[in-house]
Amino acid sequence: MSARAATPDAPSLRLAELAEALDCELVGDGDARVCGVASLADAGPLDLAFARSRRFADALAATRAGAVIVAPDLDPGARPALRSTDPTRDFARAAALLAQAARPPAGVHARAVVDPDARVDPTASVGANAVVGARARVGARTVLHANVTLYPDVEVGADCELHAGVVVREGTRIGDRVRIQPGALVGGDGFGFLPTENGLPERVPQLGRVAIEDDVDIGAGVAIDRATLGETRIRRGAKIDDLVMVGHNCDIGEGAIVVAQSGLGGSTRIGARAILMARVGAAGQLEVGEGAFVGARAGLHGDVAAGARVFGSPAVEGRAWHREIGALRLLPAALRRLRRLERRLGLRGVDDPPRGGPREGPGAPSGDDA
């Protein structure tokens, strides 16, 4: 992790307070204070750093950090420390406590446009050039940054943060503590078309909505289509990375993770805690079971069972995929052996030139031989 600068006048926490908040064992001076977080290499006397294994022992010995979070088998030296069975996770939790971003003041910016029929909680913040449509609702302590657009009848819960340029189409429901990164579009029309008599595509009205439950994170540039009928639903705690496409009527389960540049065809269902790595492509009308793992760049053309691990395009079970990849590495040597065997037997190999003469150009027979 990169350093977040710590200065003497920055808000600080006593190490004893951090130990209690993280449920970690305190080693050394509990009154020592830290103001920021940084890597072992970049940390200064006011920073908290971490070391998760013995591989970082040398960096730990050399760091200038004021305090560290360390694995139980690491010696922090003379500096105060927190011992943790999961240093990476506890460091992330500490960072959330120490490095909270400044929150814009409550209220509606003078250049924002809020419809008279909309309702914005007095503790919410609406930034410059944001638009809040008719009958829209914005919950307590929610932040709409500059240029956010809420269409009519949108509901946004409490403690949400919608970054610059987010567009939320009409009728969308967003729960509490949802974060949406810049440029995301929630509730756009699904890609619904039917061929007409002359073969040209005709638009099918998209009459449903999007529902996003609590504690969801949505990355920059994500597009989540509204349902044709009914709803597209993103369930509690799901995490969607940048540049993901979620088609109409999809259902992404609780705690599921969809990584960057993946695309989900319409009516795809992702089970709870399933993980789709980067650039997964899922054809529509299929289901990925609970706890399944789909490897990067996999192509899904059928259902994936709960707990399964699949890779490749078309996707296959993990062990089969690893065998196939291993076999591919052996092919060049196997082909050389086959050619030697063919020559010994006086057979004409598939890559040998025709007897009528040499090939014209790489891999192509001459006109006479054709």
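Student: What makes Glu170 and Arg169 a salt bridge?

Tutor: Keep in mind that this is a predicted model. Their side chains meet at 2.8 Å, N to O, and the cut-off is within 4 Å, so the pair counts as a salt bridge.

Student: Why is Arg169 called buried?

Tutor: Its relative accessibility is 17%. Buried means under 20%, so Arg169 makes the cut.

Student: And why is Glu170 called partly exposed?

Tutor: Glu170 has a relative accessible area of 27%. That label covers values between 20% and 50%, so it fits Glu170.

Student: How do you know that Arg169 forms a salt bridge with Asp189?

Tutor: The closest N and O atoms are 3.4 Å apart, and the limit is 4 Å, so this pair qualifies. It links distant parts of the chain: Arg169 is in the loop between strands E18 and E19, while Asp189, 20 residues away, is in the loop between E21 and E22.

Student: What about Asp251 and Arg235, what makes them a salt bridge?

Tutor: Their closest N and O atoms are 2.8 Å apart; with a limit of 4 Å, the pair counts. Asp251 sits in strand E30, and Arg235 is in the loop between strands E27 and E28.

Student: Is Asp251 buried or exposed, and why?

Tutor: Buried: its relative accessible area is 8%, and the cut-off is under 20%.

Student: Which residues belong to the salt-bridge network with Asp251?

Tutor: Shared partners join Asp251 with Arg209, Glu213, Glu231, Arg233, Arg235 and Arg269 into one network.

Methods. Residues numbered from 1 in each chain as written. Predicted model: local features only at pLDDT ≥ 70, side-chain atom pairs only at ≥ 80, totals over all residues. Heavy atoms only, no water. Buried < 20%, exposed > 50% of the residue type's maximum accessible area, 1.4 Å probe, protein only. Helix = DSSP H or I, 4+ residues; strand = E, 2+ residues; numbered from the N terminus.
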